[in-house]
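User: I would like to go through a few labels used for this model and check the grounds for each.

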Amino acid sequence: MDKLLRDKKAIVVFVAPAFLLFTFVLFIPICQSVYYSFCDYNALTKPEFIGLGNYKQLFTIDRTMKIALKNSMFFLIFSVVTQLIAGLILAALLTNIKKGRDFFKNVYYLPCVLSSAALGLLWMFVFTPKLGINQILAQFGIEGPLWLMDTKGFIILPMWVIASVSLWQYVGQSMMLYMAQISGISSSLYEASYIDGCTKAQAFRYITLPLIRPMVATAMSLNAIGSLKFFDLIFNMTEGGPNHMTDVLATHLYQQGFKYFKYGYASAIGTVLLVMCLIVTFIINKFVKVENYEM
Amino acid sequence: MSKTGKKKSKISTKIIYVFLSLLAVIYLLPLVWVIYVSLKDDKTLFVSPWALPERPMIENYTFAWTAGKLGTATLNSALVCGVTLILCLLIGSMAAFAIGRMKWKLSGAVMTYFLTGMMIPVHCILIPVFTRFSKMHLTNSQLGLILPYLTLSLPITIFIMTGFFQSLPNELFESACIDGCSIYRSFTRIALPLSKTGLFVTGLMTFVANWNELLLAMVFISDDTKKTLPVSLSKFVGPYNTNYSQMFAAIVIAIIPTIIVYCMFSNQIVEGLTQGAVKG
């Protein structure tokens with residue numbers, strides 16, 4: 001038995017396909033991408049090492065990069081905070097009701113499995129200047145704002161709109177994760193606390209919250225990475241416009257790489273994105289994650 | 001609990017239900033609306049986008065399906081996602097079997113290597129993979145899309161399947177071994193059949209994720225006859241003329257398959273999602 005399980009040849013046969021794919025399609029390209037980010041490289045030339053040139057241009061000259069960084073950071077903070085709060089509230093409410101729990105759960109989770117490209121087009125129509133929501137508002141004599149074109153303020157209105165749509169689409173995922181964790185908490189803990197005169201709110205604060213903290217860390221890192229990767233909705237709702245005001249890192253990268261074919265420059269943006277993902281995951285794991293409690 | 005307390009909790013449950021129902025309306029309304037608005041013609045769409053259609057325009061669908069090339073796109077999506085799904089389950093569970101059941105020193109390290117893949121944003125590999133693939137003439141081909149999809153779907157598959165294989169009882173494999181069963185046979189005859197739920201759950205998740213993928217498909221495929229669904233959708237939006245009612249028909253065509261899959265298997269999808277994260 002033991003000999004069979006230590007069969008080196010079999011292990012290689014089993015792991016090799018996945019390992020090779022991973023190495024050639026994921027690991028090596030990442031290293032290449034980091035290398036390209038130090039190169040002058042476009043569709044017509046070979047990569048030529050230029051040191052920090054791309055990064056210098058990215059952080060000093062490129063105006064769109066500033067906007068994209070700002071928008072990505074906004075997006076990151078917005079989705080981590082709102083998904084945490086909304087997800088927890090929904091999970092807490094749903095675990096407390098008896099009838100219709102599965103129905104509500106499935107309804108809230110539904111948009112997560114739908115194509116954000118399709119939903120982006122749908123919401124783009126809802127927020128077009130003269131149609132959609134504004135037409136309803138007009139019937140009440142209210143002139144609706146230019147939802148996806150307004151450019152006033154530090155964080156412009158379109159970003160808030162897109163962020164809210166993404167909250168609508170993805171909050172179900174956080175909710176689901178929290179619910180799974182909450183349902184794993186032993187009910188005897190709650191019974192004991194109620195006997196001691198604990199209210200439901202107190203029980204939530206002092207029993208539920210500490211016990212689901214590991215899941216909070218997981219859900220937060222998923223949200224954070226997801227929000228940095230965010231592309232489909234923005235691309236189909238505004239395409240980064242008006243005038244690059246709603247660009248995020250992902251759309252900026254796409255434009256530089258596949259509209260202007262500046263591969264080296266786009267790789268630099270990609271490297272910034274990668275570093276941000278790693279930092280955010282590190283921070284969340286360091287400060288939120290704790291050792292698992294016995295449950 | 002005292003009587004007033006009971007009353008209070010009844011009222012609060014009612015409030016919770018009202019709130020949850022309102023929220024459910026916000027979730028379902030856009031989806032219901034897009035279905036009936038896709039049956040309108042453009043003129044009534046602009047005058048009163050929220051009213052029900054007077055006469056259902058099935059033409060929108062036939063137009064989107066044929067002239068909008070959504071028929072081909074659906075087939076392409078089905079082909080790419082189907083092949084990815086099968087390969088992913090096979091390759092992923094093979095690796096998971098070796099990691100979860102077999103004994104070797106590096107299994108932990110290899111697992112970590114696979115799991116880091118979950119943190120990597122796809123944007124970072126876009127350019128190197130694209131330039132490499134275009135040299136190998138893999139862009140504009142379905143294979144060129146299947147390879148990265150497969151690779152990106154592997155981490156979650158390996159992660160969930162490893163958990164499944166580890167939970168299988170040892171005795172099964174021991175007795176099979178005594179009966180002279182080889183390691184390959186115990187993988188195909190014992191481990192795989194016993195992990196059907198796991199395969200099903202991961203399969204669903206992989207399929208849904210790849211079905212909706214936009215960025216890679218957009219970059220890798222420029223040939224109209226090879227585009228997948230999410231990419232073909234953007235064809236309905238032009239800078240000067242957007243044919244909205246046909247666009248809505250296209251949206252419905254794109255989301256209906258996942259809605260059906262979701263309605264049939266929502267419990268398994270949920271299970272897969274939570275299993276993927278709980279053990280992390």
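**Labels and their grounds**

Analyst: In this predicted model, A:Lys8 belongs to helix H2 of chain A, which covers residues 8–36.

User: Why is A:Lys8 called exposed?

Analyst: A:Lys8 has 9 other C-beta atoms within 10 Å. A residue with 12 or fewer counts as exposed, so A:Lys8 is exposed. Its C-alpha atom is separated by 46 Å from that of A:Leu209, 201 residues apart along the chain.

User: Where is A:His244 placed, and why is A:His244 called partly exposed?

Analyst: A:His244 sits in the chain A loop between helix H12 (232–237) and helix H13 (249–258). Buried needs 20 or more other C-beta atoms within 10 Å, and exposed needs 12 or fewer. A:His244 has 18, so it is partly exposed. Its phi is near 65 degrees, a positive value in a residue other than glycine.

User: What makes A:Phe261 partly exposed?

Analyst: The count for A:Phe261 is 14 other C-beta atoms within 10 Å. That falls between the two cut-offs, 12 or fewer and 20 or more, so A:Phe261 is partly exposed. A:Phe261 lies in the loop between H13 and helix H14 (263–287) of chain A, and its phi is near 55 degrees, again a positive value in a residue other than glycine.

User: How many residues does each chain bring to the contact?

Analyst: Chain A brings 67 residues and chain B 70. On the side of chain B that touches chain A, helix H13 (residues 244–278) of chain B gives the most, with 14 residues. By class, that side has 55 nonpolar, 12 polar and 3 charged residues.

Note on methods. Residues are numbered from 1 along each chain as its sequence is written. Chains are lettered from A and ligands numbered from 1 in the order in which they are written. This is a predicted model: local features need pLDDT of at least 70, side-chain atom pairs count only at pLDDT 80 or more; totals for chains, interfaces and linings use all residues. Two residues are in contact if their C-beta atoms, placed from the backbone, lie within 7 Å. Helices (H or I, at least four residues) and strands (E, at least two) are DSSP runs, numbered from the N terminus. Ala, Val, Leu, Ile, Met, Phe, Trp, Tyr, Cys and Pro count as nonpolar, Asp, Glu, Lys and Arg as charged, and the others, Gly among them, as polar.
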